[in-house]
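Got the viewer open? Let's take a short walk through this one, picking a selection at each stop.

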Amino acid sequence: DRIDGLMPKPKPIQIELVSSNITLEDLRADVKAHGQRDDRPRKLPIDDIHVADQVFQPRMTQYNLAASLDHVKTLVSDLRAQKKPFDAVTVIPIGQRFFVIDGHHRLSAYRAAGWNKDIPVAVRPISLDEARKVALAMNLKGKLSLTMEDKQENAWRLTKAGETKQRTSDLTLVSTSNIGNMRKLLARLKAADHDVDNMTWRQAR
């Protein structure tokens, strides 16, 4: 409503980062039970694009939340100004659903902006393990920067998955010597019968 002849102030943008509690084990079970759907849509309604950020988001947003929120706020402004969708978000078919592996911030911006049209997607029919590597590689290129903690956490994830030192270094930009130390710590933790599958690098240290 107008107050004293003045136009009302615009409502502030309500920003929330897309997230879920879905784990890698949940996705593996879904693939085992239902395989992968074989259609390749070029657009999807926003509610048909699912999120497993614990698996596919290489940024540890809890340690760099302000930067992520600011990035999404900028994207919302861009979306409202240009009135057309962003470049396609990359998704992987898992069971009967599509999960985003690159484009979490864009998806958050669509939601915050109240976008009600279909969203361009690029479907990658690859394995879960390969999708995690693709998500990391795509997020190293010219977007919101990964912090050193992000890079180390992703190197730790790849080390636990059995990736080679050189490949892990290429994907994360963490030195092979540091990855070697991760391997040694991983071996000690396994020997002590620790549950390393759900252990972060911070917890491991």
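Before you start colouring, note that buried here means under 20% relative accessible area, while exposed means over 50%. Bear in mind too that this is a predicted model.

Start with helix H3, residues 65-82. Its 18 residues should span 26 Å at 1.5 Å a residue, and the end C-alpha atoms are indeed 26 Å apart, which agrees.

Now pick out Ser-68, Val-72, Leu-75, Val-76 and Leu-79, the buried residues of H3. Turn the view so you look down the axis of H3: these buried residues fall within an arc of 105°, so they line one face of the helix. Swing round to the other side of H3 and you'll find Ala-66 and Ala-81 exposed.

What do the buried residues of H3 pack against? Show helix H4 (104-113), and you have the partner. While you're still here, click on Lys-83, which follows H3 and has a positive phi, near 55°.

Next stop, the rings. A search of the whole structure turns up 3 aromatic pairs. Select Tyr-110 and Trp-115: the ring centres are 5.7 Å apart and the planes sit at 55°, so this pair is tilted. Both Tyr-110 and Trp-115 are buried. Add Phe-86 to the selection, and you have one aromatic cluster of Phe-86, Tyr-110 and Trp-115.

Last, go to Trp-156 and Trp-201, a tilted aromatic pair with 5.1 Å centre to centre and 45° between the planes. Trp-156 belongs to helix H6 (residues 148-160) and Trp-201 to helix H9 (residues 201-204), so the pair ties together parts 45 residues apart in sequence. Trp-156 and Trp-201 are both buried.

Key. Residues are numbered from 1 along each chain as its sequence is written. This is a predicted model: local features need pLDDT of at least 70, side-chain atom pairs count only at pLDDT 80 or more; totals for chains, interfaces and linings use all residues. Side-chain values use heavy atoms; hydrogens and water are left out. Helices (H or I, at least four residues) and strands (E, at least two) are DSSP runs, numbered from the N terminus. The expected span of a helix is 1.5 Å times one less than its number of residues. Buried means under 20% relative accessible area, exposed over 50%, partly exposed in between (1.4 Å probe, protein chains only). The arc is that of the directions from the helix axis to the C-beta atoms. Contact means heavy atoms within 4.5 Å. Rings of Phe, Tyr and Trp (its six-membered ring) pair if their centres lie within 6.5 Å; planes under 30 degrees apart count as stacked, over 60 as edge-to-face and the rest as tilted.
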